[in-house]
Every structure is written in C-alpha cells, then in structure tokens.
Amino acid sequence: MPSAEAMRLFVKILEEEDPGWYSRIPEFINPQPVVDIEMHKPKEEPDIVPALTNGTGTSSIPEPKTISENGSSVETQDKVVILEGLSTVSAHEEWTALSVSGQRPKPRYEHGATVLQDKMYIFGGNHNGRYLSDLQVLDLKSLTWSKVDAKLQAGTSDSAKTAQVSPCAGHSLISCGNKFFSVAGHTKDPSDSITVKEFDPHTCTWSIVKTYGKPPVSRGGQSVTLVGTTLVVFGGEDAKRCLLNDLHILDLETMTWDDVDAM
C-alpha cells in the first residue's frame, strides 16, 4: 500500500476512535509577518503614478474601499495592507463567528447539509465513531437551531406506517424544488446498492425513493451535483472503504439510473 494511502487510512481510523486527538497536539505560535523598514532614509517626494486610461481619454482609478478600525474609517484598495507606523490594517476578508440561539447539534463530520427556503438542514454524520440519524435545521433569518422530529414512511401512502431513519454518514443532501434528497452514505448494515431518500419539510417525513435501472453500488463520501433535473454521482468509497471512480446519473423525472462511461 502506498505510504500516502496508509497515512490517510490511519488518520481516518484515529479520528473515528479518538476525535479529540488533534486538540492535544502542542500549539505553535505563528510568527507575525515581518515588515521591512529602512532606517534613516531621507524623505522623498511621493511618486506620481500615471493615471490609467479607459480608451476614452479619461482616467480610470480604482475606487477605494472603506473599512472600520477601532471605530474610525480607513480607506484602502481591495486586498491591500496599509502601514500606519508599526501597526498594520488588513483589508482581507475574515471568518466571523455568528451568534446563534437554540440547542446546537452535536459536533460531527461526514454529515449532509443543504439549504432550502432560507433554512439550512443537517442530517446524520459521525460523532465519536457513532453514526447519527438526527435532522437539525438552522433558520438563516433568525439564526436559531431546532431539531426536526422526522419519521421514515414505510410502505405505500395508503398504509401510514412510520419508522426510525437509519443512522448514516458520508451521504449527500441535495435540494430540488421544495424537497431535498439524501443520496448514498455508509450505514451499520450497508445495502448492495445506493439508497435514495426524499424528505418533505411540510410533513417532516422521509421516504425511500423507488428507482429504476441499474443503481450504483453502495458508497459514502461521493460527490453529488444537481444539473437541471439530473443528479450526477461520482466516486466515493464502497462498503470495504475501497476508492471508486465511476460516474452515474439519476434522472429525477423518471427516477432512472444510468452509468456513464467517462474517460
């Protein structure tokens, strides 16, 4: 086995058995960027930058952007660092932690997530090596978390039987219209082929989608993309954690699988 593949499998197993291992690694202090300053340099007159013309004879100078620093406004060009004495003001974009309310979901990975009607849904995933089956929703307007009491509809619509959804991880959530699909994923009792589930937010019910054609083998960690009314599924890992590179499409109008012989 190649060393890179062996290391990848080792880290994957380590994360499933001990998700907090990385936090115990000693932290290293990242040095601050060094700013070269020439000492005792005589004062020079500012260079005159020629104006750029836009072909009409008029000058075209990029509009400065205004950022806020310590309550005051600073004008700067896009993605430019300004030196003010020995301090720096950066105009680069930064991540910002949002203030949310409600009961936050358990930390997890290999979950599925999608946005539908101003809400972000998160389904399943892996938590401390245990597969999850819960469905959580974040209202993107109020930034409030809540749990959806979802059931799995068994049988036909005439016989209203419901059951619990099987825990899974490595699946994909794809929104389409006013519903979304859960495609593939690893489970404790894997099936031979890919399972497609459909969730209706109005009834809070999952249902197993009946498909036609030859479905792909079961897998997790695949790539799923919605193109028009077609789902494009590529790669992933099968039940034995072997890497796949096959390409399949699912027509959502006829629910028919078809494989693609891609080179």
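How many helices and strands are there in the protein? In this predicted model, the protein has 1 helix and 18 strands, and these elements are spread over a protein of 263 residues, of which 27% count as buried. The exposed surface amounts to about 18,400 Å², and carbon and sulfur atoms supply 55% of that area. Among the contacts with a separation of 6 or more, 43% are accounted for by residues 24 or more positions apart.

A closer description can start with strand 5, which covers residues 112-116 and whose side chains alternate along its course. Gly112, Thr114 and Leu116 point to one face and are buried, whereas Ala113 and Val115 point to the other face and are not buried. Strand 5 is joined by 5 bridges to strand 6, residues 119-127, and the two run antiparallel. Within this pairing, Leu116 has Lys119 of strand 6 as its bridge partner, so that Leu116 is described both by a bridge and, under the cut-off of 20% relative accessible area that defines buried, by its place on the buried face of strand 5.

The connection between these two strands deserves separate attention. Strand 5 and strand 6 form a hairpin with 2 residues between them, and Gln117 lies in the loop that links the two strands. What is the sign of phi at Gln117, a residue other than glycine? The phi of Gln117 is positive, with a value near 50°. Most residues other than glycine have a negative phi, which is why such a value is worth pointing out. A further case is Leu143, also a residue other than glycine, whose phi is positive and near 55°; Leu143 is placed in the loop between strand 7, residues 130-139, and strand 8, residues 144-148.

Further along the chain, 4 strands form an open sheet in the order 15-16-17-18, with antiparallel pairing. Strand 15 (223-227) and strand 18 (256-260) stand at the edges of this sheet, and because each has a single partner strand, one side of each is left without a neighbour in the sheet. From one strand to the next, the twist averages 25°. Strand 17, which spans residues 243-251, pairs with strand 18 in the antiparallel sense over 5 bridges.

One residue of strand 17 that can be followed in detail is His248. Is His248 buried or exposed? His248 is buried, because its relative accessible area is 9% and the limit for a buried residue is under 20%. In the pairing with strand 18, His248 stands opposite Asp259, and Asp259 also appears among the residues that His248 touches. Leaving aside residues up to four places away in sequence, His248 touches Pro216, Arg219, Leu231, Val232, Val233, Trp257, Asp258 and Asp259. The side chain of His248 makes, in addition, a polar contact of 2.7 Å with the side chain of Asp246.

The cysteines complete the account. A disulfide is a covalent bond between the sulfur atoms of two cysteines, and the structure holds 0 disulfides. Cys204 is partly exposed, with a relative accessible area of 28%, and Cys242 is likewise partly exposed, with a relative accessible area of 41%.

How values were computed
Residues numbered from 1 in each chain as written. Predicted model: local features only at pLDDT ≥ 70, side-chain atom pairs only at ≥ 80, totals over all residues. Heavy atoms only, no water. Disulfide = S-S within 2.5 Å. Buried < 20%, exposed > 50% of the residue type's maximum accessible area, 1.4 Å probe, protein only. Pairing = 2+ DSSP bridges. Axes fitted to C-alpha atoms, helices over the stretch in contact; angles between N-to-C directions. Contact = heavy atoms within 4.5 Å. Areas by Shrake-Rupley, 256 points an atom, 1.4 Å probe, with all protein chains shown as cover. Polar contact = N/O pair within 3.5 Å; in protein donor to acceptor, adjacent residues only side chain to side chain.
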